[in-house]
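User: I am new to this structure and would like to learn how to read it. Could you take me through it one feature at a time?

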Amino acid sequence: NSMALLNVLSLDGMHLILSKVVEDRILKLRLVSRDFKETLETNACLNINIHISDTGEESLKADFLQRWQGSLYLHCRLRGWTPDSKWFKEFRDALALGRLRPPSLLSLSVDEGNLLPLVETLMMIATGIQQIRISYQGNGAELIAASASLASLGSTLTMEISVLEKDSGGSQTSAWLHQLETSRIKLCSLTFSKTQIHSGGATAIARSATALSALQTLDLSGNYIGRLGLTALARGLVHITALQQLDLPSLAGPARP
């Protein structure tokens with residue numbers, strides 16, 4: 001019988017740690033029986049979620065990933081990707097040489113300065129990967145520079161963006177949102193916390209609302225967007241039909257438009 005497992009394991013240094021499973025008895029059987037371990041690894045009906053910890057990056061090997069025959073969901077979110085990420089080189093080379101089946105999902109975080117190198121690397125290995133999720137923390141200029149390469153990843157790509165730059169007038173926010181909209185890049189999360197976007201930034205978000213229909217999280221906390229910003233945002237939110245979490249700024253603040 002096929003079994004649905006959730007968050008089957010994580011990597012912590014050289015140790016494999018089984019975490020949450022649907023039924024406790026599955027965990028107990030996996031721990032005491034090598035046969036059951038092999039049964040899990042060879043069951044093509046399983047969804048295998050592998051979360052790479054901060055220390056586990058150095059120990060992840062392609063040979064380990066090869067053993068799992070189910071749908072592989074690979075997450076590395078605790079440390080930002082860099083061109084010299086050891087685990088990623090191992091993963092990339094195994095995919096390129098055909099030693100490893102493409103995962104169903106590859107989820108990565110990347111910080112300012114490394115977005116374009118990451119995307120250029122993904123372009124070489126993306127064939128067969130069903131979903132690519134990039135969590136980016138940085139600035140609008142880098143998003144604009146990488147937009148064409150991001151667009152080449154097609155409908156497999158979903159992005160979570162956390163903006164670091166200040167943009168009181170909203171012009172920078174408007175520019176990169178428009179560029180991503182033109183490039184048809186799907187966004188599932190936007191964070192503008194404490195970026196001083198004010199009413200101009202909120203209006204820019206509202207203008208792009210029709211292209212943000214897949215957005216699930218919008219964080220505007222720590223800003224003051226005023227009545228104009230709140231009004232524009234309210235009108236735009238009706239188009240963001242997938243929204244699940246909305247963090248609004250306090251209504252208290254200096255007398256700004």
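**Contacts, rings and charges**

Analyst: Let us start with one residue: leaving out residues up to four places away in sequence, Glu 160 touches Arg 77, Arg 133, Ile 134, Ser 135, Tyr 136, Cys 188 and Ser 189. Contact here means heavy atoms within 4.5 Å. Glu 160 is found in strand 7; helices (H or I, at least four residues) and strands (E, at least two) are DSSP runs, numbered from the N terminus. This is a predicted model, in which local features need pLDDT of at least 70 and side-chain atom pairs count only at pLDDT 80 or more, while totals for chains, interfaces and linings use all residues. Residues are numbered from 1 along each chain as its sequence is written, and side-chain values use heavy atoms, with hydrogens and water left out.

User: Is Glu 160 buried or exposed?

Analyst: The general idea is a set of cut-offs: buried means under 20% relative accessible area, exposed over 50%, and partly exposed in between (1.4 Å probe, protein chains only). Glu 160 has 19% relative accessibility, so it counts as buried.

User: How should I read pLDDT, and which element has the lowest mean value?

Analyst: pLDDT is the predictor's confidence in each residue, from 0 to 100. Where it is low, the predicted coordinates should not be read in detail. The chain has a mean pLDDT of 82, with 81% of its residues at 70 or more. Among the elements, strand 2 (residues 15-18) has the lowest mean, 39, and strand 6 the highest, 97. Over residues 1-27 pLDDT stays under 50, and the model has 61 contacts beyond four places in sequence for them.

User: Now the rings, please. How many aromatic pairs does a search of the whole structure find?

Analyst: Rings of Phe, Tyr and Trp (its six-membered ring) pair if their centres lie within 6.5 Å; planes under 30 degrees apart count as stacked, over 60 as edge-to-face and the rest as tilted. The search finds six such pairs. In one of them, Phe 88 and Phe 91 have ring centres 5.9 Å apart and planes at 50°, so this pair is tilted. Both residues lie in helix 4 (residues 86-96), three residues apart, about one turn of the helix. Both are also buried. Another pair is Trp 176 and Phe 192: their centres are 6.0 Å apart and their planes at 20°, so they are stacked. Trp 176 sits in helix 7 (residues 171-182) and Phe 192 in the loop between strand 8 (186-191) and helix 8 (198-207), so the pair ties together parts that are 16 residues apart in sequence. Trp 176 is buried at 0% relative accessibility, and Phe 192 is buried with a relative accessible area of 0%.

User: Which residues form one aromatic cluster?

Analyst: Trp 81, Trp 87, Phe 88 and Phe 91 do. Phe 91 has a relative accessible area of 1%. Leaving aside neighbours within four places in sequence, Phe 91 is in contact with Leu 65, Leu 74, Leu 100, Pro 103, Leu 106 and Ile 125. The C-alpha atoms of Phe 91 and Ile 125 are separated by 9.8 Å, though the two residues are 34 residues apart along the chain.

User: And charged side chains: how many salt bridges are there?

Analyst: Side chains of opposite charge can pair when their charged atoms come close. The rule for a salt bridge is a side-chain nitrogen of Lys or Arg within 4 Å of a carboxyl oxygen of Asp or Glu. The count comes to three. One of them joins Arg 67 and Glu 41 (3.3 Å, N to O). Arg 67 lies in the loop between helix 3 (62-66) and strand 4 (71-76), and Glu 41 in helix 2 (residues 34-42), so the pair ties together parts that are 26 residues apart in sequence. Arg 67 is partly exposed, with a relative accessible area of 35%, whereas Glu 41 is buried at 5%. Arg 99 and Asp 63 also meet in a salt bridge (3.3 Å, N to O), as do Arg 92 and Asp 93 (3.0 Å, N to O).
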